[in-house]
2 protein chains.
Amino acid sequence: MPTDRKAPDTARRSQPTRQAILTAALDLAAEVGYRRLSIEAIAARAGAGKQTIYRWWPSKGAVLFDALLALSENPEGSDGDVELPDTGDLAADLKLVLAATVDELNNPRYSEPMRALTVEILENAELAATYRERLDQPMREMKKRRLRKAQDAGQLDPDADLDVAVDLIWGPVQNRWLFREGPLTAAFTDALVDTALRGLAQASRRRTDT
Amino acid sequence: MPTDRKAPDTARRSQPTRQAILTAALDLAAEVGYRRLSIEAIAARAGAGKQTIYRWWPSKGAVLFDALLALSENPEGSDGDVELPDTGDLAADLKLVLAATVDELNNPRYSEPMRALTVEILENAELAATYRERLDQPMREMKKRRLRKAQDAGQLDPDADLDVAVDLIWGPVQNRWLFREGPLTAAFTDALVDTALRGLAQASRRRTDT
């Protein structure tokens, strides 16, 4: 968000301040929780002025959102479309991706701010719209691109609804994490991928089975 | 919760008051949202004293939780185990159940308090434990009992992990509802059931397919 409003030079000069603010927001969210997180405390921890933060972000939710977005961005800072791995083996690729997701969700530094942000998203329609536009939709499109390639290669039913497929593969992970309904392990996500892909397998192969 | 602490006679006498309080809590949660819901407003709407409410419930979250629990309980007031339908046709039974769930989630009278309670559960560990014990776990066991019967009848893979199966069938519905990620329709849940059950189908039948 901030870089949209500034000339490149200014952006480059204030990059360390921005990074310090994002890091402070993540640290504090993990330490005190979202409710007790304040712009004041973020500013103090980052060694920045409150006004600097308010100039760049409208709310603590927006700061935290950018902090999480920066965490999940390509470390090389690429702005290009990120793609899911494609080795041609869809199951292996998805297991890799979900195992990495589970690692993130089991890491309090990521999961506590993410949980706090999730609560905020459920209550705050404006932040929810930003989240959908900037994170959820691009991620969903990326997932569907990978699944479409598998579909084109005949590995998935040509009639499979790819939105249903995304919900089927990723929904249970998010849900189990959010409600702490069971252990988040690679064994769980492996079973999930195998079962979901069997269900999404090509109809023509399936028909020989009935 | 309240009936645990009172003699049966008292419980019977105060049943109308209890019901008035639960109805008021649901109405107000739908009208003003959870954050602005107060014990005071519930008491006023129900024509009851604040002290009456505090004698029976420790917090507004606990009132709302009991109100939702009462909504989802057997209308005849049966305390026995509720079971999912079992016509022998697992897919048809699950489609019926999920279509009813979708109807509930599309009804603001149920979904707005439920969303409010969900936010509270994500933040409040004590309420989360009560929720898991009183609602989530019994529901999960009920779902697994139905799936186990199908498994015993050879309709599901004997090696299928029934917790993964529950997550696969119900997780995407809750997730799509919570994050408003797409329309909650019977078409969606039908596709979900068909795909998930295909994935969970008996291994011996599946093997002829490879």
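Colleague: Why is the pair A:Asp167 and B:Arg176 called a salt bridge?

Modeller: In this predicted model, the closest N and O atoms of A:Asp167 and B:Arg176 are 2.8 Å apart, and because the rule asks for a side-chain nitrogen of Lys or Arg within 4 Å of a carboxyl oxygen of Asp or Glu, the pair qualifies as a salt bridge.

Colleague: How many salt bridges does the rule find across the interface of chain B and chain A, and which elements give two or more residues to the side of chain B that touches chain A?

Modeller: The rule finds four salt bridges across that interface, and the elements of chain B that give two or more residues to the side touching chain A are α7 (108-123), α8 (125-152), α9 (162-178), α10 (186-200) and α11 (203-207). The largest share of that side, ten residues, comes from α9(B).

Colleague: What kinds of residues make up the side of chain B that touches chain A?

Modeller: The residues on that side of chain B divide into 16 charged, twelve nonpolar and eight polar.

Colleague: How many residues of each chain are in contact, and what area do the chains bury between them?

Modeller: In contact with each other are 36 residues of chain B and 36 residues of chain A, and the two chains bury about 3,500 Å² between them, with 56% of that area on carbon and sulfur atoms.

Colleague: Which residues of chain A does UniProt list for "DNA-binding region", and how much of the span is helix?

Modeller: UniProt, in an unreviewed entry, lists residues 38-57 of chain A under that name; in the model this span is 75% helix and 0% strand, and its end C-alpha atoms lie 13 Å apart.

Methods. Residues are numbered from 1 along each chain as its sequence is written. Chains are lettered from A and ligands numbered from 1 in the order in which they are written. This is a predicted model: local features need pLDDT of at least 70, side-chain atom pairs count only at pLDDT 80 or more; totals for chains, interfaces and linings use all residues. Side-chain values use heavy atoms; hydrogens and water are left out. Contact means heavy atoms within 4.5 Å. Buried area is the accessible area (1.4 Å probe) that two parts lose on being put together, summed over both. Helices (H or I, at least four residues) and strands (E, at least two) are DSSP runs, numbered from the N terminus. Ala, Val, Leu, Ile, Met, Phe, Trp, Tyr, Cys and Pro count as nonpolar, Asp, Glu, Lys and Arg as charged, and the others, Gly among them, as polar. UniProt positions are given in the numbering used here, feature names are shortened, and annotations may be inferred rather than shown by experiment.
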